[in-house]
Amino acid sequence: MGNRVAREDYEWVYTDQPHADRRKEILAKYPQIKSLMGPDPRLKWIVCMMVGIQFLAFYLVKDLDWKWVLFWTYAFGSCINHSMTLAIHEISHNTAFGNNKAPWNRYFAMFANLPIGLPYSASFKRYHLDHHRYLGGDGIDVDIPTEFEGWFFCTRFRKFIWIILQPLFYAIRPLCINPKPISQLEVINLTCQLTFNVLLYLLWGAKPVVYMLAGSMLGMGLHPISGHFIAEHYMFLKGHETYSYYGSLNLLTFNVGYHNEHHDFPSIPGRRLPMVKKIAAEYYEDLPQYTSWVRVLYDFIMDDTLSPYSRIKRKLKGDVKQE
């Protein structure tokens, strides 16, 4: 448990990310993939249903003993809330109402944010699009762990703690790596969320609030679904920057596991990403892939060659246009 990871720096590369070139090549060969782009008409109804389920759960837990509140927080609430963060990920690509109704997507994401308890959607949109444009970009992509994370979380036990604390580091990282002025949408998001949290407490007491906030923290920490945080871009194989997962948890996560396909075609909704893989199978079937996020978490902790430093980084050239 005390073995230190040998890696002492990121994997620096001097090439562009692979997704833009692969996108051009695939579209040249399979132009029909363009028909998969555009909004998913089912998404908004699925999100409304999930929000409604959590509102019902808030009502049901208010009279439970605390031991059962905590049980259902991890067994159910954490799954729904993590899934809601991935619904917000989908909406950030304008897949709920389309590019022509971008403001509708922003405000709908705030609605989806309500059961999570933490004001998240507006800031996520700003930083996530930078992640796509400048994958691994030094000082831009806040999905890359900080120098402190890479230096300190260098043993098996510390990596275990780091995974538990993932929500904390995802919240702090933008302030350390790429701070941005607070936007009007972020203020609205914060105001709406705090108002909702207070009203929930006044209406049904502390138990629903604990269920909501603890569910979000647990769901994004040591949880099977959280394997996607590690699986997507941590370099388990040298030179490979993005990895897809083709397991059953995609059913709960809007197919976020189809991550190579998503980075190649971010404007295609998650529901249609399996069709991309089917059409352009020769581009994806030989890439490294996973079938278990739990195994990803276990391997990341136990493999002494892996750490938060196991990410590809690149110095960006030319003008950088951020959200």
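**View 1. Helix 3 is the element that gives the most to the nonpolar patch, with four residues.** This legend and those below describe a predicted model. The patch lies on the surface, covers about 640 Å² and is made by Ile46, Met49, Ile53, Trp68, Phe71, Trp72 and Phe76. Two elements, helix 2 (43-61) and helix 3 (66-92), each give two or more residues to this nonpolar patch.

**View 2. Trp68, one of the residues of the nonpolar patch, is placed in helix 3.** The relative accessible area of Trp68 is 41%, so this residue is classed as partly exposed; the partly exposed range runs between the limits of 20% and 50%.

**View 3. Asp143 occupies the loop between helix 5 (121-133) and helix 6 (147-152).** Asp143 counts as buried because its relative accessibility is 12%, and the limit for a buried residue is under 20%. The side chain of Asp143 is joined to that of Tyr170 by a polar contact of 2.9 Å. When neighbours within four places in sequence are left aside, the residues in contact with Asp143 are His131, Tyr170, Arg173, His233, Tyr234 and Arg311.

**View 4. The structure holds zero disulfides.** Cys192 takes part in no disulfide, and the nearest cysteine sulfur, which belongs to Cys48, is 16 Å away. A disulfide would require a pair of cysteine sulfur atoms within 2.5 Å. With a relative accessibility of 38%, Cys192 counts as partly exposed. Cys79 is likewise partly exposed, at a relative accessible area of 23%.

Terms used
Residues numbered from 1 in each chain as written. Predicted model: local features only at pLDDT ≥ 70, side-chain atom pairs only at ≥ 80, totals over all residues. Heavy atoms only, no water. Patch = residues over 30% accessible without salt bridge, like charges linked within 9 Å, V, L, I, M, F, W, Y side chains within 5 Å. Areas by Shrake-Rupley, 256 points an atom, 1.4 Å probe, with all protein chains shown as cover. Salt bridge = Lys/Arg side-chain N within 4 Å of Asp/Glu carboxyl O. Buried < 20%, exposed > 50% of the residue type's maximum accessible area, 1.4 Å probe, protein only. Polar contact = N/O pair within 3.5 Å; in protein donor to acceptor, adjacent residues only side chain to side chain. Contact = heavy atoms within 4.5 Å.
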